[in-house]
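New to this one? Here's a quick tour to help you find your way around.

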Amino acid sequence: LSTTTTTTATTGPPPPTLHVVTRLQAASRRILNLHQVMETASAIFTDQAVTYGDIQGTFAEQYAAFQNMDVLCAVHGTALLNALFLPQEAVVVMVMPYGTRGWMGRNMKRAAGLYEERTVLVLEQKSSQSSLYNVNLVDDKGQALVGEALTKNLMELVQDPDKVWEKNWMHGFALFVNVEGVYVEIEALAVLLREGFRVVSGRYR
C-alpha cells in the first residue's frame, strides 16, 4: 500500500511595484540620470517590480496600469495627476527641481493625497547643479538678455533663486516648472524609496 502526499505550494504576497515617469520624449522635466535612478530603485524593490516610461494606450488601459502600481515617482508636473488613478493606499514620490517653491506643488500634493490612506513623499532638490535650465531671461522691457547681463542673471539663478522670483513672478514660475531636465539626487531619493517600500509592504503584514 503506497500513500501519495500532495503538498500545496504557498506563495507570499507580490512584491511592491514602482513606476518612474521619465518624460524622455518631452521638452521639459526629463530625468537625466535615469540609469542611476533605476539602479537605486531596483536595489530597493526588485528588477521585475520596477518599470519606467510614460504610460500609453486607451484610458481604460492606462487606468488599469496605474491601478497595478504601489509607488509612483515623478518630477513635479501634471504627470502627477495620474496619482488620482492609483490604489488608495499607494505612495507618491514627488521630485521638486532646484529653485521651485513648496507652494508650487500644493495642488499636486492635494490630488496625490486624495485618499486618507495615501502617502505623499516630497524630494526637494538642494543642489543648484541638479537642474538643467533652458534659460530665456528677459529684462523689464521684455528684451532678451545677452552677454554680461545674461551671465549676471544666471549667477543669481544659481546662487539665490529667490531673486528670479522677486524680479518677475510669472517668469520665475515658467522657468522652474519648465526646467529642461533634472539630475535626481540619488541619496535623497533612496531614503524616500525605502520609506515608500516600507509603507506598501506593511499592508501585507
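**The lay of the land**

Start with the open sheet: 5 strands make it up, in the order β3-β1-β4-β5-β6, and their pairing is parallel. Keep in mind that you're looking at a predicted model. From the sheet, we'll move on to a helix that lies across several strands and then to the nonpolar cores.

**Around the sheet**

- The edges belong to β3 (50-52) and β6 (119-124); each has a single partner strand, so one side of each is left without a neighbour in the sheet.
- On average, neighbouring strands here are turned by 15° against each other, if you ignore direction.
- Strand β5 (residues 91-96) runs parallel to β6, and 6 bridges join the two.
- Want a spot to look at? V91 stands opposite T119 in β6.

**The helix across the strands**

- Helix α7 (residues 186-202) lies across β1 (18-20), β4 (71-75), β5 and β6.
- Relative to β6, helix α7 runs at about 175°.

**What's packed inside**

- The largest nonpolar core has 28 residues, and the ones touching the most other members are L18, V93, V184, L189 and L193.
- Two or more residues of this core come from each of β1, α1 (34-44), β4, β5, β6 and α7.
- Take L193: leaving aside residues up to four places away in sequence, L193 touches L18, A41, I44, F45 and V93.
- Another core lies apart from the largest one; this other core has 15 residues, including V21, F66, A83 and A112.

How values were computed. Residues are numbered from 1 along each chain as its sequence is written. This is a predicted model: local features need pLDDT of at least 70, side-chain atom pairs count only at pLDDT 80 or more; totals for chains, interfaces and linings use all residues. Side-chain values use heavy atoms; hydrogens and water are left out. Two strands pair if DSSP finds at least two bridges between them. Helices (H or I, at least four residues) and strands (E, at least two) are DSSP runs, numbered from the N terminus. Axes are lines fitted to C-alpha atoms, for helices over the stretch in contact, and angles run from 0 to 180 degrees between N-to-C directions. Contact means heavy atoms within 4.5 Å. A nonpolar core is a set of buried Ala, Val, Leu, Ile, Met, Phe, Trp, Tyr and Cys residues joined through side-chain atoms within 4.5 Å. Buried means under 20% relative accessible area, exposed over 50%, partly exposed in between (1.4 Å probe, protein chains only).
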